[in-house]
Amino acid sequence: MDLRRLLDEGRPIFGTDGVRGTAGSELDAQLALDIGQAAGSHLHTGPVVVGRDTRRSGSMLAAALQAGFHSAGIDTVDVGVLPSGGISHLTAVGGATMGAIVSASHNPAADNGIKLLAARGTKLADEVERELEERMRSASHQTALGGEIGFRIESPDGQERYLDHLVSASRYSFQGLEVALDCANGAAYETAPRLFELLKADVSVYNAEPNGVNINDGCGATHPEFLAGRSRGRIGLAFDGDADRLIAVDEDGRVANGDVVMAIVARHMKEQGHLKQNLVVATVMSNLGFRRAMSDAGIEVVETPVGDRYVMEALTDRGALLGGEQSGHIIFADLAQTGDGLLTAIQLLNVVAGTGKELRQLRTEAITEFPQVLVNVRVDRSVDLATLDDLWDEVAVVEEELGDEGRVLVRPSGTEPLVRIMVEAPSQKLASGYADRLAAVAEMATTKG
């Protein structure tokens with residue numbers, strides 16, 4: 001079901017990470033224009049910071065989005081290709097009234113998305129997104145004329161200002177650290193190598209030659225096995241398409257996901273007396289091993305739904321500093337308002353440099369993970385997960401069989417037409433078997449009728 005039809009039916013098109021769809025069909029230039037008009041009409045003044053990743057469709061959608069803002073009388077500042085953390089930062093410090101990221105993050109190159117940010121660089125509140133959708137349905141937008149029409153301002157120094165911000169977050173020189181970067185042929189392809197060279201690391205770079213269609217293609221944070229096979233003896237840092245995620249790889253080639261990174265950093269922050277409120281925020285996807293590791297360290301875990309917007313809300317509510325997701329979205333609330341993979345990488349290397357320990361030693365000390373399997377089942381966008389009684393009946397059976405030695409989580413993706421099924425169990429074999437069993441039931445349930 002396409003986005004326009006969802007909108008016409010009165011259903012939301014903004015998910016947990018903005019509006020996403022296949023570029024040119026589900027998300028076309030007209031829809032981008034309409035989003036810009038609606039968002040521009042919501043604002044009383046500008047400017048709006050606009051940036052994008054390296055997808056071929058990005059320049060088309062960014063231009064259409066900006067045209068929508070301009071037609072509503074709002075100026076835009078175009079920062080070009082830049083990691084989403086940089087767009088958020090420039091929005092927050094540059095006096096902008098809104099930010100806009102044209103990216104589908106970890107999705108394949110054929111997809112794209114539009115994520116709108118509040119003036120502080122955080123994601124828009126749900127109620128604001130609902131207002132924008134209603135404006136789009138009713139075509140309720142302001143039209144500027146003559147000298148009131150907005151215009152595009154280029155920002156040639158956006159990357160430099162973002163790099164200055166990142167370098168200031170490093171407490172150490174990384175001289176002597178051997179680091180391998182996987183830039184996913186995405187938004188970090190220039191910024192990440194420059195950053196770690198500025199910090200004096202010995203840098204090897206992979207997948208930093210974007211051509212518009214190779215973003216996330218067998219590489220980056222969604223395919224850490226690429227870096228794991230090439231970074232032995234070095235610390236691997238893999239980013240996704242818009243570089244809001246970090247997945248690390250230790251010196252033995254073992255993948256360190258967001259749970260592992262958070263466990264390492266949280267323990268170090270507590271030891272240094274910097275873990276405000278003595279808590280971390282994690283989502284329902286975080287591994288049982290993470291929860292037990294934090295309990296053993298005397299650190300409280302606050303749980304939220306999946307989505308870094310919910311993590312940020314909990315951090316704000318509790319006055320805490322550290323939270324994130326297993327997928328590698330991690331927020332350091334004293335330094336940023338959203339997930340930033342490059343900033344996360346710096347914080348992880350700060351621990352390595354500050355302790356003098358290798359990453360493989362730090363992970364062994366910090367966390368023992370439960371085997372966890374995640375299976376995605378593709379569904380039509382119209383499927384209501386709550387109505388799939390056969391699936392929920394089977395989930396109840398599996399949960400009873402696992403008892404206290406595992407966990408099942410079934411949820412819709414907030415960014416793609418998928419049902420995500422996660423199973424944790426005492427062994428990899430058990431977790432895989434249960435996940436496959438539930439996936440088969442889900443496929444049958446979603447194709448009935």
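In this predicted model, a residue counts as buried under 20% relative accessible area and as exposed over 50%.

Q: Is K200 buried or exposed?
A: K200 sits in the loop between α7 and β8 (202-206). Its phi is near 75°, a positive value in a residue other than glycine. The cut-off for the upper class is over 50%. Because the relative accessible area of K200 is 52%, K200 is exposed.

Q: Is N185 buried or exposed?
A: N185 belongs to the loop between β7 (178-182) and α7 (191-198). Phi of N185 is positive, near 50°, in a residue other than glycine. The lower class requires a value under 20%. N185 has a relative accessible area of 6%, so N185 is buried.

Q: Which residue has its backbone nitrogen 3.2 Å from a polar atom of the side chain of D240?
A: D240 lies in the loop between β9 (235-239) and β10 (246-249), and counts as buried at 0% relative accessibility. Beyond its neighbours within four places in sequence, D240 is in contact with residues including S105, H106, C183 and R245. The backbone nitrogen at 3.2 Å from a polar atom of the D240 side chain is that of D244.

Q: Which residue does a cis peptide bond join to G46?
A: The bond in question has omega of about 0°. The partner of G46 lies in the loop between α2 (29-42) and β2 (48-52). The residue joined to G46 by the cis peptide bond is P47.

Notes: Residues are numbered from 1 along each chain as its sequence is written. This is a predicted model: local features need pLDDT of at least 70, side-chain atom pairs count only at pLDDT 80 or more; totals for chains, interfaces and linings use all residues. Side-chain values use heavy atoms; hydrogens and water are left out. Helices (H or I, at least four residues) and strands (E, at least two) are DSSP runs, numbered from the N terminus. Buried means under 20% relative accessible area, exposed over 50%, partly exposed in between (1.4 Å probe, protein chains only). A polar contact is a pair of N or O atoms within 3.5 Å; within protein, one must be able to donate a hydrogen and the other to accept it, and residues adjacent in sequence count only if both atoms are side-chain atoms. Contact means heavy atoms within 4.5 Å.
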